[in-house]
Amino acid sequence: MTASTTKTCSKCGTERPVSDFANSRGKQRRRDDLHPSCRVCRNAYYQKNREKILAQYAEYRNRPEEYAKLRQKRQQYQVKRFFYVRASNLKVRAICKDQTATTAEISRLWKKQRGICPITGRRLNRESAQLDHIVPIKLNGSDLVENLRWVHRDVNYAKRDLLDQDFYRLCWDVVSYSNLKPKRVNGDPKRMESPCLKLF
Ligand SMILES: [Zn+2]
């Protein structure tokens, strides 16, 4: 995928050079790491709501405990609406906003998988589960439910933009390089030491 030099603002819908968009520094990982709305729109928003924003900051500084409580409440609400939040996140990052899996679809997917990661067999919970694109977004995979599955977050991090075949190849290389014989550390079956680590 080649980086495009222009981007369409989500607010005014104008196509502008990428230099007109600020870098996105939030937790939300976007495909191009740029803000969805252009600098002009963001500046206009700030000018229009300046007092309100500054008042919010002031209040935040003056009553930190209240805000900690509020944030906690928001987090609890998000946990409650687990599937909804995941579906919304898909939509935020999607290029085709009308072609993303719905809340109901990803909830059904969870039930269909019985909360098990299909790659590791690990039992998933709401902290460890992540939605994986079977064909990665970078390889033009879609955000539709057919291209999604719930996997353990470690799998998702390790797999990143790999196809299954390339990911399995990586796992195979790791295991075969360690001579296929992991050694138990002090008899503890959970702590494995692979011989290849001794090389370093
Ligand atoms: Zn704009």
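A residue counts as buried if 20 or more other C-beta atoms lie within 10 Å of its own, and as exposed if 12 or fewer do. The exercises below use that cut-off on a predicted model.

**Exercise 1. Find how many residues of β4 are buried, and place the strand in its pairing and in the confidence ranking.**

Solution.
- Step 1: apply the cut-off to the strand, residues 148–152. Five of the five residues of β4 are buried, so the strand is mostly covered.
- Step 2: look for the partner. β3 and β4 run antiparallel and are joined by five bridges.
- Step 3: pick one bridge. D132 has R149 of β4 as its bridge partner.
- Step 4: check confidence. β4 has the highest mean pLDDT among the elements of the protein chain, 96. Strand β5 (residues 183–185) has the lowest, 61. Where pLDDT is low, the predicted coordinates should not be read in detail.

**Exercise 2. List the residues of the largest nonpolar core and say which elements supply them.**

Solution.
- Step 1: collect the members. The core has 11 residues: A87, L90, A101, I106, W110, C117, A129, L131, L148, W150 and V151.
- Step 2: assign them to elements. At least two residues of this core come from each of α4 (82–93), α5 (103–113), β3 and β4.
- Step 3: find the main contributor. β4 gives the largest share, three residues.
- Step 4: follow one member outward. Leaving out residues up to four places away in sequence, A87 touches A101, T102, T103 and I106. Of these contacts, A101 and I106 are listed in the core as well.

**Exercise 3. Decide whether helices α2, α3 and α7 are covered or open, and test each span against 1.5 Å a residue.**

Solution.
- Step 1: take α2, residues 50–62. Its 13 residues should span 18 Å, and the end C-alpha atoms are 18 Å apart, which agrees. The number buried is zero, so α2 lies largely in the open.
- Step 2: take α3, residues 64–80. The helix has 17 residues and reaches 25 Å from first to last C-alpha, close to the expected 24 Å. None of its residues is buried, so α3 too lies largely in the open.
- Step 3: take α7, residues 164–177. Its 14 residues reach 20 Å, close to the 20 Å expected. The buried count is zero, and α7 is hardly covered.

**Exercise 4. Locate N140 and R160, give the phi of each, and decide whether each is buried or exposed.**

Solution.
- Step 1: recall the background. Most residues other than glycine have a negative phi.
- Step 2: take N140. Its phi is near 65 degrees, a positive value in a residue other than glycine. N140 sits in the loop between β3 (129–133) and β4. It has 9 C-beta neighbours inside 10 Å, so N140 counts as exposed.
- Step 3: take R160. Its phi is positive too, near 45 degrees, and the residue is not glycine. R160 belongs to the loop between α6 (153–159) and α7. R160 is exposed because 10 other C-beta atoms lie within 10 Å.

**Exercise 5. For K112 and Y157, name the helix, decide whether the residue is buried or exposed, and give the C-alpha separation from R149 and D132 respectively.**

Solution.
- Step 1: take K112, in helix α5. It has 11 other C-beta atoms within 10 Å, so K112 is exposed.
- Step 2: go to R149. The C-alpha atoms of K112 and R149 are separated by 10.0 Å, with their positions 37 residues apart along the chain.
- Step 3: take Y157, in helix α6. With 10 C-beta neighbours inside 10 Å, Y157 counts as exposed.
- Step 4: go to D132. Y157 and D132 are 25 residues apart along the chain, and their C-alpha atoms are separated by 9.6 Å.
- Step 5: link the two targets. D132 and R149 are bridge partners.

**Exercise 6. Summarise the whole chain: elements, order, burial, contacts and confidence.**

Solution.
- Step 1: count the elements. The protein chain has seven helices and six strands.
- Step 2: read the order. The pattern is β-β-α-α-α-α-α-β-β-α-α-β-β.
- Step 3: assess burial. Of the 200 residues, 11% count as buried.
- Step 4: assess contacts. Among contacts with a separation of 6 or more, 42% join residues 24 or more positions apart.
- Step 5: assess confidence. The average pLDDT is 85, and 84% of the residues score at least 70.

Key
Residues numbered from 1 in each chain as written. Predicted model: local features only at pLDDT ≥ 70, side-chain atom pairs only at ≥ 80, totals over all residues. Helix = DSSP H or I, 4+ residues; strand = E, 2+ residues; numbered from the N terminus. Expected span 1.5 Å × (residues − 1). Contact = placed C-beta atoms within 7 Å. Core = buried A, V, L, I, M, F, W, Y, C linked by C-beta atoms within 7 Å. Pairing = 2+ DSSP bridges. pLDDT = per-residue confidence, 0-100.
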